[in-house]
Amino acid sequence: MTQARLMDGTALARRIVEDTARRAADLTARTGVVPCLATVLVGEDPASVTYVRMKQNRCRKAGIASRHVALPATTTTEELVGTLRELSADPQVHGILLQHPVGEHIDERAAFEAIAPQKDVDGVTFASFATMSFGLPGFVSCTPGGILRLLDEYGVDPAGKRAVVVGRSAILGKPVGMLLLARDATVTYCHSRTRDLSAAVREADIVVAAVGRPRLIRGQDIKPGAVVIDAGYNPGNVGDVDFDSAVERASLITPVPGGVGPMTIATLLDQTVSAAETAAVRITAA
Ligand code: NAP
């Protein structure tokens, strides 16, 4: 059997970011509005600090301003909610990203819900989950949205296909399943309590691995010709799929790194500029 074709997330993300930068420049030239993403970080977790810095750098290169709010690790839920409400009300801010995890003592859901839906460019609010589930226009969770764009890029129509999503987190597994369902896939969710993961994966035309367990999904369980999306990112640049064995069975597969990873930030930038474009139209119409 021939090896699977690689789904090149780096190349697609680059094209999306180039397009986003063009749209940002055009918006600024037409209206004077500079798209602005507010990043909020609680505490100084080194990985989170790096992620936020990376997002700010990418914003700058795309012509998007960023406003960073660094809060101490001792910040309470009420204080964080207050900050997010202020940013939600600030007309200079178009998108809000709360870097998570935020710390065990904070009610993360309450914090997310303090983000105005029209600024939820990371797709973390209940409102965004609802629009994803109903297939309505709105912001998508960034990694799931990036996965759907990769499928579209490679001509994979989810309609009528059996999709198995391994993982059910609020930011990744659950929303990617809902996006696939909204596109008429027959979706099965698997998680840590699933009795026979191999049997479920063997049925899948599209497998989305979103677990955080290195090489959990083995090639022997991939249906020949299936499309394999590996969102996992584990220490040592290892995905949740055993790439070497899966590449022999799949028709399309995302590498790690260079598959799903770059799509997340591209989706974030794209949605930030969309939020600014919509806000500018609202101001013009008012
Ligand atoms: P998470 O919140 O820890 O969720 C993991 C999910 O996997 C849970 O639903 C859990 O089930 C399930 N699970 C755990 N062990 C399992 C097993 N043995 N069999 C089947 N399911 C199992 O993780 P996450 O935030 O969704 O992230 C998942 C992976 O994606 C991580 O590697 C992360 O680094 C990566 N990720 C990548 C990006 C990107 O930009 N590329 C973005 C986000 C996340 P329960 O619900 O039952 O506990």
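This is a dialogue on how to read some features of a predicted model.

Colleague: Where should I start with the sheets, and what holds strands together in general?

Modeller: In a sheet, strands pair through backbone hydrogen bonds, and the pairing is either parallel or antiparallel. In this predicted model, one open sheet has three strands in the order β3-β2-β4, with parallel pairing.

Colleague: Which strands stand at the edges there?

Modeller: β3 (65-71) and β4 (95-98) do. Each has a single partner strand, so one side of each has no neighbour in the sheet. From one strand to the next, the twist averages 20 degrees.

Colleague: How many bridges link β2 and β4?

Modeller: Four bridges, in the parallel sense, join β4 to strand β2, which covers residues 36-42. To find the pairing in the model, look at L37, which stands opposite G95 in β4.

Colleague: Which strands does helix α2 lie across?

Modeller: Helix α2, residues 46-61, lies across β2, β3 and β4. Its direction is at about 170 degrees to that of β2.

Colleague: What is the strand order in the sheet of six strands?

Modeller: That sheet is also described by its order, which is β1-β9-β8-β7-β5-β6; it is open, and the pairing is parallel. Its edge strands are β1 (5-6) and β6 (186-190), each of which pairs on one side only.

Colleague: How many bridges join β5 and β6?

Modeller: Strand β5, residues 162-166, pairs with β6 over five bridges in the parallel sense. Within this pair, V166 is opposite C190 of β6. Helix α7 (residues 173-182) packs on the sheet and touches β5, β6 and β7 (206-209). The direction of α7 makes about 170 degrees with that of β6.

Colleague: Now the ligand. Which residues come nearest?

Modeller: There are 21 residues around the ligand, and the nearest are R168, S169, S192, Y233 and T264. By class, the shell holds nine nonpolar, ten polar and two charged residues.

Colleague: What polar atoms of the protein should I look for beside the ligand?

Modeller: Begin with S169, where a polar side-chain atom is 2.5 Å from a ligand oxygen atom. The backbone takes part in other pairs. In H191, a backbone N or O atom lies 3.4 Å from a nitrogen atom of the ligand. In A231, a polar backbone atom is 3.2 Å from an oxygen atom of the ligand. As for cover, the ligand taken alone exposes 920 Å², and the protein buries 68% of that.

Colleague: Next, the backbone itself. Where are the cis peptide bonds you would point out?

Modeller: For a peptide bond, the angle to read is omega. One cis bond joins H100 and P101, with omega about 5 degrees. P101 sits in the loop between β4 and α4 (108-113). Another cis bond runs from V256 to P257, and its omega is near 0 degrees. The loop that holds P257 lies between β9 (252-253) and α10 (261-285).

Colleague: What phi does D184 have?

Modeller: D184 has a positive phi of about 70 degrees, although it is not a glycine. To locate D184, go to the loop between α7 and β6. That loop joins two elements already discussed: the helix that packs on the sheet and one of its edge strands.

Terms used: Residues are numbered from 1 along each chain as its sequence is written. This is a predicted model: local features need pLDDT of at least 70, side-chain atom pairs count only at pLDDT 80 or more; totals for chains, interfaces and linings use all residues. Side-chain values use heavy atoms; hydrogens and water are left out. Two strands pair if DSSP finds at least two bridges between them. Axes are lines fitted to C-alpha atoms, for helices over the stretch in contact, and angles run from 0 to 180 degrees between N-to-C directions. Contact means heavy atoms within 4.5 Å. A residue is near a molecule or strand if one of its heavy atoms lies within 4 Å of it. A polar contact is a pair of N or O atoms within 3.5 Å; within protein, one must be able to donate a hydrogen and the other to accept it, and residues adjacent in sequence count only if both atoms are side-chain atoms. Accessible areas come from the Shrake-Rupley method with a 1.4 Å probe; for residues, only the protein chains shown count as cover. Ala, Val, Leu, Ile, Met, Phe, Trp, Tyr, Cys and Pro count as nonpolar, Asp, Glu, Lys and Arg as charged, and the others, Gly among them, as polar.
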